Amino acid sequence: MGLLLKVFIPLLGLVLAFYFYSSPENFKEEMLRGKRVVVTGASSGIGEQMAYHLARMEAHLLLTARTEAKLQKVVERCLELGAASARYVSGSMEDTKFPEVVVKEVENTWGGLDMLILNHIGSTYFNYFNGDVDHVRKLLEINFLSYVAMTVSALPMLKESEGSIVVVSSVAGKISSPFAAPYSATKFALDGFFSSLRQEFIMEKVNVSITLCILSYIDTESAVRAVSHAIHNTPAPKEECALEIIKSGVLRWRELHYPSQAVGSLLLLRDITPNFLDSLIRSSYKVENIRR
C-alpha cells in the first residue's frame, strides 16, 4: 500500500497535470496591473497570501473578512508591497446582507469589477458527525449561500468587464472522506452550483469565466490546527497555493488542482476504482487520535 502511494499516485498525477494544464498561454504579472479584485476571507491563510501577491502585481484590492484589526494590517502591508489601492470591508458572511454591502462598496469605489475571488469559510470541527443539523445549516450559509449571493450581486459588473469568478474549494468537494461531513457537503454544493452556472454562461454567451479551485491539505494555521493530529499527509505551502489560484483565474481555467499531482491522482482513482480509493483514504487517518 505504501509503495503504491509513493510511486503510482505521483505518476498518475504527472499524466493528469500534462493533460489538463499544458497551455500555450503564459501567465504574466502585468495581467493584474490595475485590475479591480475582491478577495474574501483575506485576513489570514490563503486569502492573505493572495492579497500580497496581487498587491505586488499592482492590482486594486478590496478585502473582506470578519476581523477588522487583522484586515487593517493586511491592507497596510498590501500598500507597502505596491498595490494600486487597497481597502477593506469587515463583516460576517453569516449576515445575509453582507454580500450586498461588499458589492456596493465596489460600485462606489471603482464603478466596476474584474475578478471576484471567493475564499472565505466558516469554522467547523474535524470529527465524527455529531448530528448537529443547525451547524450544517450555518455552514451552508457561510460556505455556500454567501458565495451565491456575492456572485449574484457582482455579476452585472463582471459581465460588463468580461471578468472572472474564482471559487476556492477543496478536494473534500469532489471526494468523500470521513470526519468532515458538514464541510464536505458545502464544498460539493459549490461544485454543483458553479459548474452548472458555467454551462449557462456558455449557452448564453456570457463571457465571465468560472474557475473552481480544488485544493488538498494546505499549511494554513487553521487547517494544521484542525487536522495535523489525525492525518499522515504533509501540507502544501499556502504562498504557492495562493499564487496558483491567481494564475488559474487570470488564465480562465475551468479547474485548478493543487497540488496537481496529488489531487489529479485522487480524482482519477475516484472514477476508475472508487472502493479502492475509499480504502486508501481511510488508511491515511490516525483514527486513534480522533475523539468523539
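**Exercise 1.** In this predicted model, find which residues are linked with Lys174 in a network of salt bridges.

Solution.
- Step 1. The network links Lys174, Asp191 and Glu255.
- Step 2. Within this network, Lys174 pairs with Glu255, and their closest N and O atoms are 2.7 Å apart.
- Step 3. Lys174 sits in the loop between β5 (164-170) and α6 (181-204), while Glu255 belongs to strand β7 (residues 255-258), so the salt bridge ties together parts that are 81 residues apart in sequence.

**Exercise 2.** Decide whether Lys174 and Glu255 are buried or exposed.

Solution.
- Step 1. A residue is buried when its relative accessible area is under 20%.
- Step 2. Lys174 has 13% relative accessibility, so Lys174 is buried.
- Step 3. Glu255 has a relative accessible area of 14%, so Glu255 is buried.

**Exercise 3.** Work out which parts of the chain the salt bridge between Arg87 and Glu105 ties together.

Solution.
- Step 1. The side chains of Arg87 and Glu105 meet at 2.9 Å, N to O.
- Step 2. Arg87 is in strand β3 (residues 85-90) and Glu105 is in helix α4 (residues 98-109), so the pair joins parts that are 18 residues apart in sequence.
- Step 3. Arg87 is partly exposed at 35% relative accessibility, and Glu105 is partly exposed at 22%.

**Exercise 4.** State where Glu107 and Lys104 lie.

Solution.
- Step 1. Both residues are in helix α4, three residues apart, which is about one turn of the helix.
- Step 2. Their side chains form a salt bridge of 3.2 Å, N to O.
- Step 3. Glu107 is partly exposed at 35% relative accessibility, as is Lys104 with a relative accessible area of 45%.

Technical notes
Residues numbered from 1 in each chain as written. Predicted model: local features only at pLDDT ≥ 70, side-chain atom pairs only at ≥ 80, totals over all residues. Heavy atoms only, no water. Salt bridge = Lys/Arg side-chain N within 4 Å of Asp/Glu carboxyl O. Helix = DSSP H or I, 4+ residues; strand = E, 2+ residues; numbered from the N terminus. Buried < 20%, exposed > 50% of the residue type's maximum accessible area, 1.4 Å probe, protein only.
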